[in-house]
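Visitor: I've got a chain up on the screen and a few things I'd like to ask about it. Could you walk me through it?

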Amino acid sequence: MIEAYETTLPYRICFAVVFFFVLAIRDWIKNPQNPTRVHEYLFLVVSMLISIVYGIVHDHITATICADYFLKAKELELDPRPFRWAVTCLAVKATYGPGLLAGALMLIANNPPSSKASISKPQLSYPHMLRLCVYPVVVAGMCGTLGGLLVPMVVYSIDACQWFADAALAYTIPDRLTSFLMVWGVHAGSYLGATLGTVIAVVKVALARKR
């Protein structure tokens, strides 16, 4: 089942792109002066691309710090493709979904309600929305850096957390344990930071519309 999911991923992405492209063209034909759907779909694409670029850079940096995290924990040693290309593909698969979700939540927060209140709460412009997309990236980077610094420190200083080290040694050797824990912390922190940054961006959209 997992293999089928992996092999059909490019086709599913292509189908989604074609589907939304057709809807966008239809909306453009019906509303040439204000193709709202076209703008929304473009925003979703850009938010997804921002997430993907961040994920690729993030994973290649951490792969340089500790390749064992990807080769062993992520099982890329079983991937026949070149290591760096496999890391890139893994990053794309891990980030395109969260990028689309973050963009969709921001669009929902920016959509005016179907009431008279929408007159006093106009939508934010898309350039403004794109600037708010920085929050998930920046907060993810900050939390990832913090996680990479804290996890090895906590594991080595608190006896109750030694099981982290034991679990990590199933994927790496003692000489590379610290770097493995660092990368582990960076990834955990980045996931948490991306979630927190998305919440901040959505709240920022809602508050900006109220103002």
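## Salt bridges, a pocket and one isoleucine

Guide: Let's start with D68, in this predicted model. At 9% relative accessibility, D68 falls under the 20% cut-off, so D68 counts as buried.

Visitor: Okay, which residue does D68 form a salt bridge with?

Guide: The closest N and O atoms of the pair are 2.8 Å apart. D68 sits in helix α3, while its partner is in the loop between α7 and α8, 108 residues away. The partner is R176.

Visitor: And R176, is that buried or partly exposed?

Guide: Its relative accessibility is 37%. Buried would need a value under 20% and exposed one over 50%, so R176 counts as partly exposed.

Visitor: How many salt bridges does a search of the whole structure find?

Guide: You've met D68 with R176. K72 also pairs with E77, with the closest N and O atoms 3.1 Å apart, and R81 meets D79 at 2.6 Å, N to O. The search of the whole structure gives three.

Visitor: Take R81 and D79: which of them is buried?

Guide: R81 has a relative accessible area of 33%, so R81 is partly exposed. D79 comes in at 18%, under the 20% cut-off. The buried one is D79.

Visitor: Now the largest pocket. Which helix gives the largest share of its lining?

Guide: The pocket has a volume of about 610 Å³, and 30 residues line it, with S51, T95, P98, G99 and A194 closest to its centre. Helices α2, α3, α4, α6 and α8 each supply at least two lining residues. The largest share is ten residues, and it comes from α4.

Visitor: How many of the lining residues are charged?

Guide: The lining has 17 nonpolar residues and eleven polar ones. That leaves the charged group, which numbers two.

Visitor: What about I56, which residues is it in contact with, leaving aside neighbours within four places in sequence?

Guide: I56 is in helix α2, and at 23% relative accessibility I56 counts as partly exposed. Its C-alpha atom is 7.7 Å from that of V87, which lies 31 residues away along the chain. The contacts you're after are T88, A91 and V92.

How values were computed
Residues numbered from 1 in each chain as written. Predicted model: local features only at pLDDT ≥ 70, side-chain atom pairs only at ≥ 80, totals over all residues. Heavy atoms only, no water. Helix = DSSP H or I, 4+ residues; strand = E, 2+ residues; numbered from the N terminus. Buried < 20%, exposed > 50% of the residue type's maximum accessible area, 1.4 Å probe, protein only. Contact = heavy atoms within 4.5 Å. 1 Å grid on protein atoms, 1.4 Å probe; cavity = no way out; pocket = protein on both sides within 12 Å on 5 of 7 lines; lining within 4 Å. Points joined across faces, edges and corners; volume = space filled by probe spheres on them. Nonpolar A, V, L, I, M, F, W, Y, C, P; charged D, E, K, R; others polar. Salt bridge = Lys/Arg side-chain N within 4 Å of Asp/Glu carboxyl O.
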